[in-house]
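Q: Could you walk me through this model, one feature at a time? I'd like to start with the empty space inside.

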Amino acid sequence: MANNHLNLSTNLFNLLFTITLLYIAWNNPAHPEQTNLIFYVHDYLTGHDASAITVAGRHGPTSSVFHFGTIIAVDDPVTVGPTIESQEIGRAQGLYINSELEGKGLHLMFSVIFTDGEYKGSSLEIQGADLFAMKEREFSIVSGTGFFRFVKGYGIMETHFMDLANLRAILKLNVTVKHY
């Protein structure tokens, strides 16, 4: 009889212990959420609405974005749709550096700072290569703030519109991030 009581106590303990572990595992913030976003960055180096400028390069501020070593500072509008008239939800602020000797590739380092919409007050930090001659290119999401605290992820950048003669582009960013 004592042996049955001991087995019952052990089984009850094991059951309660297992339920407790499952509860902790289920409610543990170590399980990240996944968020998918699509937004558009309007990158204009010319015109009255220019949002990017050359700040340094082989020929100083007159250097072309297509020349190795050129650095561009950006403060580009971020919208929910591909037209500039669509809702602006933030700004893409940072630097592009032409880091390919042949001049066909940029290194991106910028923040997408959400100023409106569901993620207002949050940001994503983007870093990676942009071989702009390719239709699609992948980049890293290396950090974030607010809603995106402790984020990591990736994005696919696609050129939605390009006017090379006037150095104006609209970029579609499809971002997948995991965060807590």
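A: Sure. The largest cavity is lined by 16 residues, and those nearest its centre are Asp43, Leu106, Phe132, Met162 and Ala169. On a 1 Å grid over the protein atoms alone, a cavity is a set of points where a 1.4 Å probe fits but cannot get out, and lining residues have an atom within 4 Å of a point. One caution before we go on: this is a predicted model, where local features need pLDDT of at least 70 and side-chain atom pairs count only at pLDDT 80 or more, while totals for chains, interfaces and linings use all residues. Residues are numbered from 1 along each chain as its sequence is written, and side-chain values use heavy atoms, with hydrogens and water left out.

Q: Which elements give two or more residues to the lining of the largest cavity?

A: Those are β8 (152-163) and β9 (168-179). β9 gives the most, with 3 residues. Strands here are DSSP runs of E, at least two residues long, and helices are runs of H or I of at least four, numbered from the N terminus.

Q: How much space lies in the largest cavity?

A: The general idea is that rolling a probe the size of a water molecule over the atoms shows where empty space is left. Here the largest cavity holds about 210 Å³. The volume is the space filled by probe spheres set on the grid points, which are joined across faces, edges and corners. The structure has 1 cavity of 30 Å³ or more.

Q: Now the strands. How many bridges join β5 to β6?

A: Two strands count as paired if DSSP finds at least two bridges between them. Strand β5 (residues 106-114) and strand β6 (residues 123-130) run antiparallel, joined by 8 bridges. To find the register, take His107, whose bridge partner in β6 is Ala129.

Q: And what does β6 do with β7?

A: β6 pairs with strand β7 (residues 136-145) in the antiparallel sense, over 5 bridges. The two form a hairpin with 5 residues between them. Look for Ser123, which stands opposite Thr145 in β7.

Q: Are the partners in the salt bridge between Arg137 and Asp130 buried or exposed?

A: First the rule: a salt bridge is a side-chain nitrogen of Lys or Arg within 4 Å of a carboxyl oxygen of Asp or Glu. By that rule the count comes to 5. In the Arg137 and Asp130 pair, the closest N and O atoms are 2.5 Å apart. For cover, buried means under 20% relative accessible area, exposed over 50%, and partly exposed in between (1.4 Å probe, protein chains only). Arg137 is buried at 5%, and so is Asp130, at 4%.

Q: Which residues are joined into one network by salt bridges that share partners?

A: Asp75, Glu88 and Arg91. Arg91 meets Asp75 with the closest N and O atoms 3.0 Å apart. Arg91 lies in strand β4 (residues 88-98) and Asp75 in strand β3 (residues 71-79), so this pair ties together parts that are 16 residues apart in sequence. Arg91 also bridges to Glu88 (3.4 Å, N to O). As for cover, Arg91 is partly exposed at 22%, Asp75 is partly exposed at 32%, and Glu88 is partly exposed at 35%.

Conventions. On a 1 Å grid over the protein atoms alone, a cavity is a set of points where a 1.4 Å probe fits but cannot get out, and a pocket is an open set with protein on both sides within 12 Å along at least five of seven lines; lining residues have an atom within 4 Å of a point.
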